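Ready for some practice at reading a protein model? Grab a pencil and work through the exercises below, one step at a time.

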Amino acid sequence: MATAMYLEHYLDSLESLPSELQRNFNLMRDLDQRAQDLMKEIDKMAVDYLGNVRGLSPEKRTEQLDSIEKMFSKSKEFGDDKVQLAMQTYEMVDKHIRKLDADLARFEADLKEKSSSSSQQKGDSDSGKKLKGKEKKKRKSMKEEFEDEIPRKKKKKGAPLSPEPEAAPISVPLISITHPSDVLDMPVDPNEPTYCLCHQVSYGEMIGCDNADCPIEWFHFACVGLTIKPKGKWFCPRCSEERKKK
């Protein structure tokens, strides 16, 4: 498309060149013919003058010499005009040559710019595909990793419980995901149990409530405002409120 545009513009600029060249060449040929005719006439007058000079009066001699001199001056003017036309014709052709060189340089620059732009777009596209592939692999490996660590079953309400010694809070160390929005894009099994106040699946660091009758049991650190494991027993916000009422 760009090639056709440059070619069309250049051909348009050349449209008047042939007629202008032909006009200048015709004028130069006409001037040359006039100069040659004038030189022949000067030669003839010179021969007549030399043959009759002894019989001519001083005034006639001077008059004929002046006429020959004027004819030489006229012939010189014809020659000068012909030289000016030749120079004008040369400049006319040279102008179009310079324009062609400039158009070729601009065309090559446009081609390089388009080639560089297309290469950059292709590289960005390939990088995007690689990043998407890596993200999919990362999500898959993350799911496989935390699936091995999530609590498998909830405690059933009313189920008999064996006495447990007082111990430090229970936490499940997993990959460092601290907010539910971090795993929204990850594939989730619809049959997988949910936990915490946010009713999301198990992920990240979790802590278990020390109330044996807690209906939720497991909580994400971020959802209950924790960043590290607390010392001693830990009760979830709901169980804490109930204990205060008692």
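**Exercise 1.** Leaving aside neighbours within four places in sequence, find which residues cysteine 236 is in contact with.

*Solution.* Step 1: use the cut-off, since contact means heavy atoms within 4.5 Å. Step 2: skip the neighbours within four places in sequence, and you're left with Cys209, Cys214 and Phe219 as contacts of cysteine 236.
Step 3: before going on, remember that this is a predicted model, where local features need pLDDT of at least 70, side-chain atom pairs count only at pLDDT 80 or more, and totals for chains, interfaces and linings use all residues. Residues are numbered from 1 along each chain as its sequence is written, and side-chain values use heavy atoms, leaving out hydrogens and water.

**Exercise 2.** Is cysteine 236 buried or exposed, and where does it lie?

*Solution.* Step 1: recall the scale: buried is under 20% relative accessible area, exposed is over 50%, and partly exposed is in between (1.4 Å probe, protein chains only). Step 2: cysteine 236 has a relative accessible area of 1%, so it is buried. Step 3: look along the chain, and you'll find cysteine 236 in the loop between β3 and α4 (237-245). These labels come from DSSP runs, numbered from the N terminus: helices are H or I with at least four residues, strands are E with at least two.

**Exercise 3.** Do the same for cysteine 214: place it, then work out whether it is buried or exposed.

*Solution.* Step 1: cysteine 214 sits in the loop between β2 and β3. Step 2: its relative accessible area is 6%, so cysteine 214 is buried. Step 3: beyond four places in sequence, cysteine 214 is in contact with Cys209, Phe219, Cys236 and Cys239.

**Exercise 4.** Which residues does the UniProt annotation "binding site" cover?

*Solution.* Step 1: the unreviewed UniProt entry lists Cys209, Cys214, Cys236 and Cys239. A word of caution: UniProt positions follow the numbering used here, feature names are shortened, and annotations may be inferred rather than shown by experiment. Step 2: these residues are spread over 31 residues of sequence, yet they cluster in space, with a largest C-alpha distance of 8.2 Å.

**Exercise 5.** Find how many residues the largest nonpolar core has.

*Solution.* Step 1: a nonpolar core is a set of buried Ala, Val, Leu, Ile, Met, Phe, Trp, Tyr and Cys residues joined through side-chain atoms within 4.5 Å. Step 2: the largest one has 16 residues, and Cys209, Cys214, Phe219, Trp234 and Cys236 have the most contacts inside it. Step 3: β2 and β3 (218-220) are the elements giving two or more residues to this core. Step 4: another core lies apart from it, with 9 residues, including Ala35 and Leu38.

**Exercise 6.** How many disulfides does the structure hold?

*Solution.* Step 1: a disulfide is a pair of cysteine sulfur atoms within 2.5 Å. Step 2: the count is 0. Step 3: take cysteine 198, whose nearest cysteine sulfur, that of cysteine 223, is 3.8 Å away. Step 4: for cysteine 223, the nearest cysteine sulfur belongs to cysteine 196, at 3.6 Å.

**Exercise 7.** Check the span of α2, which has 36 residues.

*Solution.* Step 1: the expected span of a helix is 1.5 Å times one less than its number of residues. Step 2: that gives 52 Å for α2, and its end C-alpha atoms are 53 Å apart, which agrees. Step 3: among the buried residues of α2 are Leu17, Met28 and Tyr49.
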